Structures are given as structure tokens and as C-alpha cells.
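Visitor: Please take me on a close look at one part, the sheet, and then show me what surrounds it and ties the chain together. I would enjoy one connected walk-through.

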Amino acid sequence: MYKEILATINEFDTIIIHRHVRPDPDAYGSQCGLAEILKASFPAKNVYVVGEDEQSLLFLKKMDTVSDEVYQDALVIVCDTANQERISDSRYNRGKKVIKIDHHPNEDPYGDILWVDTNASSTSEMIYELYLAGKEQGFILSREAARLIFAGIVGDTGRFLFQSTNPKTFSYAGELIETGFSFPEIYENLYQKKENVARLSGFVYQNYQVTDDGVASVVLKKEILEAFDVTPTDASQLVSLLGNVENIKVWVFFVEEKDQIRVRLRSKGPIINGVARKYNGGGHPLASGATIYTWEEVESVIEDMQAVCSDTK
């Protein structure tokens with residue numbers, strides 16, 4: 001797979017890299033880290049990153065503005081995106097060839113070339129492995145590329161705390177740090193909370209509900225978000241808060257957006273991505289996302305999470 005991807009990259013003069021909507025650090029890290037590797041390795045190629053900018057991640061990279069004409073005869077690479085519906089910028093299919101690089105379950109096998117590794121801690125980790133495979137062919141890892149890839153790995157492993165972290169994750173992280181970027185700066189930017197978000201954290205701790213089966217839930221309606229002056233994106237970033245609370249096995253955040261309710265599901269063991277798929281979503285076995293459209297569906301989601309816990313018993 002490495003050889004096929006490397007050979008395809010060599011064939012094209014223009015490469016446009018996409019990732020998913022509502023990007024997280026791994027989406028930015030894999031997309032932009034790959035772009036920086038390609039720019040350093042092939043100065044004559046035109047390499048672009050596209051999609052909506054995420055304000056909280058602008059310290060990593062700002063997206064490029066690309067006209068429709070640029071897609072003609074271009075190679076498109078989509079990073080960290082399981083489903084076509086979640087690709088940011090729908091023009092991804094206007095290129096001559098599409099490569100999918102991802103670590104989520106391959107439920108939507110789109111693209112001409114697919115590299116999916118569900119054992120990888122992150123797509124950023126996969127991008128570093130692609131660099132290692134292409135090193136002998138002249139691939140160059142710049143300090144900026146290493147900074148971006150490291151940020152992606154840190155984000156998707158929860159600072160190396162999640163079960164997806166493995167020995168090579170630590171090894172790769174060490175090799176990336178050796179390039180000389182400031183990794184404390186990465187941590188500071190990724191995990192620094194605005195004061196209003198910190199206050200919302202207190203609200204979450206005081207108001208979460210938990211069943212006898214260990215299913216916790218948090219409902220954040222529009223009026224709550226307005227009261228704390230936070231965005232739905234800010235609120236969704238707090239989903240990990242309940243991970244260290246005893247007696248909680250799985251938990252779910254319901255965050256109201258303009259025309260939908262974003263559902264964030266997390267688990268300490270029971271497999272929950274099946275529940276996510278039932279509600280217009282998907283993801284990893286222990287960390288998934290979904291979407292519902294009425295508050296009446298909340299109880300149904302919680303019941304399905306309880307069923308997952310019961311099955312695990």
C-alpha cells in the first residue's frame with residue numbers, strides 16, 4: 001500500500017488534501033502534516049489543504065483557498081474521514097484520482113486507493129509511517145510537518161492515555177520531538193480552556209445524570225450554551241470530562257446546534273460505535289459521534305447505551 005500511494009504521489013503535479021468537517025487535531029495534523037512533507041520533498045509540486053477553518057486550531061494551520069479549476073488533473077487525498085458525507089469541501093471528487101487514508105472502521109470504502117488501518121492510534125501516526133516508507137525515496141520530514149503530526153497524535157490519543165496508544169506511538173512521538181519543535185507549546189494551545197468553557201465544565205460536573213448501569217448523560221441545550229457564551233464546538237470538546245468519574249462505564253453528550261443535536265459517545269470498555277451508526281453516525285469502538293434531530297430521541301440513545309452495557313456484562 002505504501003508503494004502504491006508513493007508512486008501515485010509521484011505521478012501528480014497538483015495535490016489537494018481534504019479532511020473531515022468539524023475538524024479535530026488529528027484531522028488537521030494528518031492533513032497538514034502530509035502537506036508539509038510533500039512540500040518539503042517535492043518543491044515543484046503544487047500542494048494545497050482545503051476545508052473550513054476551525055478557530056481553535058488555527059495555531060496549527062490556516063486552510064488554502066483553491067479554485068475549481070485547480071482540481072482538474074489533480075490528485076486528491078482525504079485524511080481521517082470515514083464517510084464521504086463528512087468530507088469538508090464536496091469538491092473532493094473533482095480530481096483525477098482519490099486516495100483515502102484513515103484509521104476509522106472502513107464502512108464507506110470510497111476512493112481509488114484506500115489505506116485504512118484501524119489499529120493505528122491516529123491518522124497522523126499513519127502519515128508518519130508513510131514518511132518512513134518514503135524516506136529512502138527522498139521524503140523529507142520538516143520541523144513543521146513533525147509539529148503537525150505530533151499534535152494530531154496527541155489529540156487522538158488523549159495525551160497518550162487512550163487504549164489506542166501503543167508502543168510505536170511513543171516511539172514515533174519521540175522521533176518527532178527530535179526535530180526540535182516546541183511540544184509544550186502544542187499542549188498549551190490544545191488544552192488551554194477559555195474561562196467561559198471552564199465554567200461550563202463545572203456545570204457539566206454538577207448536572208450530569210447517571211443510571212444504575214453506569215450510563216452517564218449530559219444535555220446542553222441552546223439556552224445553556226448561550227448562558228455560558230460558548231459555541232457547540234466548545235461544548236463538544238468537554239466530552240472527555242466524565243472519563244475519570246468512578247462508576248461511569250459509558251457516557252454521552254447531547255449538544256444542541258442550529259438544526260440538529262450533536263451526540264458524542266464515549267466508553268471505558270463496552271463497544272458503542274454500533275449505537276452511533278444507528279443514529280446517523282459512527283466512529284471508533286470506544287469513541288464515536290452521531291446526530292439526532294429531536295429531544296425525544298435522547299431517551300432512546302440512552303436506552304441503547306444501557307443495552308450495550310448489559311450485553312457487556
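**The sheet and its surroundings**

Guide: Let's start at one edge: strand β4 (residues 97-102) pairs with β5 in the parallel sense, over four bridges. Strands here are DSSP runs of E with at least two residues, helices are runs of H or I with at least four, and both are numbered from the N terminus. Two strands count as paired if DSSP finds at least two bridges between them. Please keep in mind that this is a predicted model, in which local features need pLDDT of at least 70 and side-chain atom pairs count only at pLDDT 80 or more, while totals for chains, interfaces and linings use all residues. Residues are numbered from 1 along each chain as its sequence is written, and side-chain values use heavy atoms, with hydrogens and water left out.

Where β4 and β5 run side by side, Asp102 stands opposite Val116 in β5. Strands of a sheet pair through backbone hydrogen bonds, either parallel or antiparallel. Stepping back, you can follow an open sheet of five strands in the order β2-β1-β3-β4-β5, paired in parallel. The edges belong to β2 and β5 (113-116), each of which has a single partner strand, so one side of each is left without a neighbour in the sheet. From one strand to the next, the twist averages 15°. Such angles run from 0 to 180 degrees between N-to-C directions, with axes taken as lines fitted to C-alpha atoms, for helices over the stretch in contact.

Now for the helices. Helix α3 (residues 123-134) lies across β3, β4 and β5, and runs at about 115° to β4. Its axis comes within 8 Å of the axis of α2, and the two cross at roughly 20°. That makes α2 and α3 roughly parallel to each other; the label covers angles under 35 degrees, with over 145 called roughly antiparallel, 65 to 115 roughly perpendicular and the rest oblique. The crossing of α2 past α3 is left-handed, meaning that the near helix is turned anticlockwise from the far one by less than a right angle (clockwise would be right-handed). If you want to see where the two helices meet, look on α2 for Asp26, Gly29, Ser30, Gly33, Leu34 and Ile37, and on α3 for Thr123, Ser124, Ile127, Leu130 and Tyr131. Contact here means heavy atoms within 4.5 Å.

The loop between β1 and α2 deserves a pause. Arg22 is found there, and it has a positive phi of about 45° although it is not a glycine. Most residues other than glycine have a negative phi. Arg22 counts as partly exposed, at 31% relative accessibility; buried means under 20% relative accessible area, exposed over 50%, and partly exposed in between, using a 1.4 Å probe and protein chains only.

A second arginine of that loop makes a link across the fold: the side chains of Arg19 and Glu52 meet in a salt bridge, at 3.3 Å from N to O. Arg19 lies in the loop between β1 (14-18) and α2 (25-41), and Glu52 in the loop between β2 (46-49) and β3 (75-79), so the pair ties together parts that are 33 residues apart in sequence. A salt bridge here is a side-chain nitrogen of Lys or Arg within 4 Å of a carboxyl oxygen of Asp or Glu. Arg19 is buried, at 0% relative accessible area, whereas Glu52 is partly exposed, at 31%.

By this rule the count comes to 14 salt bridges. Asp68, Asp89, Arg91 and Arg94 are linked in a network of them.

Further along the chain, Asp234 forms a salt bridge with Lys194, with the closest N and O atoms 3.3 Å apart. This pair joins distant parts of the chain, 40 residues apart: Asp234 sits in helix α9 (residues 232-236), and Lys194 in the loop between α6 (183-191) and α7 (195-207). Asp234 is buried, at 9%, while Lys194 is partly exposed, at 48%.

One more pair rounds off the tour. Asp304 forms a salt bridge with Lys278, its closest N and O atoms being 3.0 Å apart. Here helix α11 (residues 297-312), which holds Asp304, is linked to helix α10 (residues 273-278), which holds Lys278, 26 residues away. Asp304 counts as buried at 18% relative accessibility, and Lys278 as exposed at 55%.
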